[in-house]
Amino acid sequence: MCGVFGIHGHDEASNIGYLGMHALQHRGQESAGLVAVDEGKLRRHVAMGLVSDAFDRDVLARLPGRTAIGHVRYSTAGSSELRNAQPFLFEYAGGAISIAHNGNLVNAQELRAELEAQGSIFQTSSDTEVIVHLMAKAKEPDVLGRLQAALRRVRGAYSLILLTNDEKMIGVRDPNGFRPLVIGRLKDAYVLSSETSSFDLVEAEFIREMDPGEIVVIEKGGMTSHRLPPESVTKPTCCVFEHVYFARPDSLVNGKSVYRAREKMGMRLAQEHPVEADVVIAVPDSGVPAAIGYSRESGIPFEMGLIRSHYVGRTFIEPQDSIRHFGVRLKLSPVRSIVDGKRIVVVDDSLVRGTTSRKIVKMLRNAGAREVHMRISAPPTTHPCFYGIDTPTRSELVAASHSIEEIGRYVTSDSLAYLSHAGMMTAVGAATGGEGYCSACFTGEYPVALGEGSLVQLRTSRVAR
Ligand code: AMP
């Protein structure tokens, strides 16, 4: 769960980078960083917290140059501390290089152990650093060759932006294309970003998505496209959860509008699981498009029955259970005049531990709801993600060990129903069976073999029935 942004060839590179990161803030709120290059020197600023807290005018003024890359982070590998904040900056025999990574490598633990045994000294606990060490050890003469050699060894999810001291900006999307990465133009400058939402903010024109397994090198003469080593090219499996929850609804992901995909999920949900009710409400913000779809399909009016405070972060983000429980009330409150005496359909995009739904049902009943019907616009989350979405261990995923009826009793709703896997895939425009997408969090079918570390986690997390 991270966002990456880069701009090459613009007089205000770090200012644009700052804005681009703003529009990716939903992808990570733990730390933010920018690296800019000027006359062969890379300068870096990273800080914990939100983009608006991490940067001010003075900080940005200390990052001169026409090319910059940025990163917003939420840790899925490596702990939450400043030394793990990206972009990283390293010096090696090939020069200075900076790297920003969205995704998660599944074999980082093994590679790190191997590199450490050979004498590498790691500065962070992040999986990303493995790529830089592999590049430093590679024998190839140029940065592209070193990068290709390094990526031949790693497995998993990586959308990367790199920046060199000779002002090359390099974008990489892993062979499966798990995480998004898009290319745009801002006048003569090139921009790379996790999501098109940042292009709209900086007024860049969307050119295209990077292909899975593609490397683009952007330098003074323009952009060239290269491939990852052919032996690593596999079938594309973009993350379906980007559409379900993670990406911003105003972005295009995998060629599709995230808003429209969510709306269709809601429409399908209404077809699959209709219910007699007076009003459809959403769990804001991520549940809103699906709730609108449910309302449109069912003919039951949509209302804003829950109001979200925008001054607290996403509740899931807080690490401690005690805070998360409190956080739901801090974040959401019911509108009594909409809810009182009514039969309510509540649409949320996903149900992970069940904590949020349980609190919401209670909240709505306290506000006078006569019936509360939970509808989830994705299938039950049964497996953890090892490709870069923050999901708890298997034992904490309520659907890993409980039937839908049991979960319904836990959340105390009058009914609970989920969108089917086929319904979700139809909504994102995939063929039945989900060709082209990774939906391992709903099926347990991991498209890239997991490394030892991830397998241990899967095996050891007890699933009690
Ligand atoms: P839970 O209370 O654990 O069932 O969490 C469900 C809520 O968390 C839903 O409202 C989702 O929109 C949201 N959610 C689902 N996945 C994530 C995630 N990876 N990070 C943050 N929030 C999430």
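These are my notebook entries on what I looked up in this structure, which is a predicted model.

**Entry: the ligand**

I started with the ligand and asked which residues sit closest to it. There are 16 residues around the ligand, and the closest are Tyr-245, Asp-348, Asp-349, Gly-354 and Thr-356.

Next I looked up contacts with oxygen atoms of the ligand. Val-352 has a backbone N or O atom 2.8 Å from a ligand oxygen. For Arg-353, a backbone N or O atom also lies 2.8 Å from an oxygen atom of the ligand. With Ser-286 the side chain takes part: one of its polar atoms is 3.4 Å from a ligand oxygen.

How much of the ligand's accessible area does the protein cover? On its own the ligand has 500 Å² of accessible area, and the protein covers 96% of that. I then checked which elements give two or more residues to the shell around the ligand, and these are α8 and α13, the latter being residues 355-366. Sorted by type, the shell has seven nonpolar, five polar and four charged residues.

**Entry: a cavity**

I searched the whole structure for cavities of 30 Å³ or more and got three. I picked the second largest, which holds about 70 Å³ of space. Helix α8 (240-246) turned up again here: along with α17 (440-443), it gives two or more residues to the lining of this cavity. Among the lining residues are Arg-179, Phe-241, Tyr-387, Ile-389 and Ser-439. I also noted several cysteines in the lining, including Cys-239, Cys-385, Cys-438 and Cys-441. By type, the lining divides into nine nonpolar residues, one polar and one charged.

**Entry: two residues, Glu-214 and Ile-360**

Is Glu-214 buried or exposed? Its relative accessibility is 2%, so I wrote it down as buried, since buried means under 20%. Glu-214 belongs to strand β12, residues 214-219. Its side chain reaches the backbone nitrogen of Asp-211 at 2.8 Å.

Ile-360 is in helix α13, one of the elements I had noted for the ligand shell. At 0% relative accessibility, Ile-360 is buried too. I also looked up how far Ile-360 is from Glu-209: they are 151 residues apart in sequence, and their C-alpha atoms are 38 Å apart in space.

**Entry: backbone oddities**

I jotted down a reminder first: most peptide bonds are trans, and most residues other than glycine have a negative phi. Then I went looking for exceptions.

Where are the cis peptide bonds I found? One runs from Gln-86 to Pro-87, with omega near 0°. Pro-87 is in the loop between β4 (67-73) and β5 (88-92). Another cis bond joins Pro-284 and Asp-285, with omega about -5°. Asp-285 sits in the loop between β17 (279-282) and α10 (288-298).

For positive phi, I noted Glu-39, with a value near 45° though it isn't a glycine. Glu-39 is in the loop between β2 (31-38) and β3 (41-48). With a relative accessible area of 78%, Glu-39 is exposed. Thr-412 isn't a glycine either, and its phi is positive at about 60°. Its place is the loop between α15 (404-411) and β22 (415-418). I marked Thr-412 as partly exposed because its relative accessibility is 36%, and that label covers values between 20% and 50%.

Technical notes
Residues are numbered from 1 along each chain as its sequence is written. This is a predicted model: local features need pLDDT of at least 70, side-chain atom pairs count only at pLDDT 80 or more; totals for chains, interfaces and linings use all residues. Side-chain values use heavy atoms; hydrogens and water are left out. On a 1 Å grid over the protein atoms alone, a cavity is a set of points where a 1.4 Å probe fits but cannot get out, and a pocket is an open set with protein on both sides within 12 Å along at least five of seven lines; lining residues have an atom within 4 Å of a point. Grid points are joined across faces, edges and corners, and a volume is the space filled by probe spheres set on the points. Helices (H or I, at least four residues) and strands (E, at least two) are DSSP runs, numbered from the N terminus. Ala, Val, Leu, Ile, Met, Phe, Trp, Tyr, Cys and Pro count as nonpolar, Asp, Glu, Lys and Arg as charged, and the others, Gly among them, as polar. A residue is near a molecule or strand if one of its heavy atoms lies within 4 Å of it. A polar contact is a pair of N or O atoms within 3.5 Å; within protein, one must be able to donate a hydrogen and the other to accept it, and residues adjacent in sequence count only if both atoms are side-chain atoms. Accessible areas come from the Shrake-Rupley method with a 1.4 Å probe; for residues, only the protein chains shown count as cover. Buried means under 20% relative accessible area, exposed over 50%, partly exposed in between (1.4 Å probe, protein chains only).
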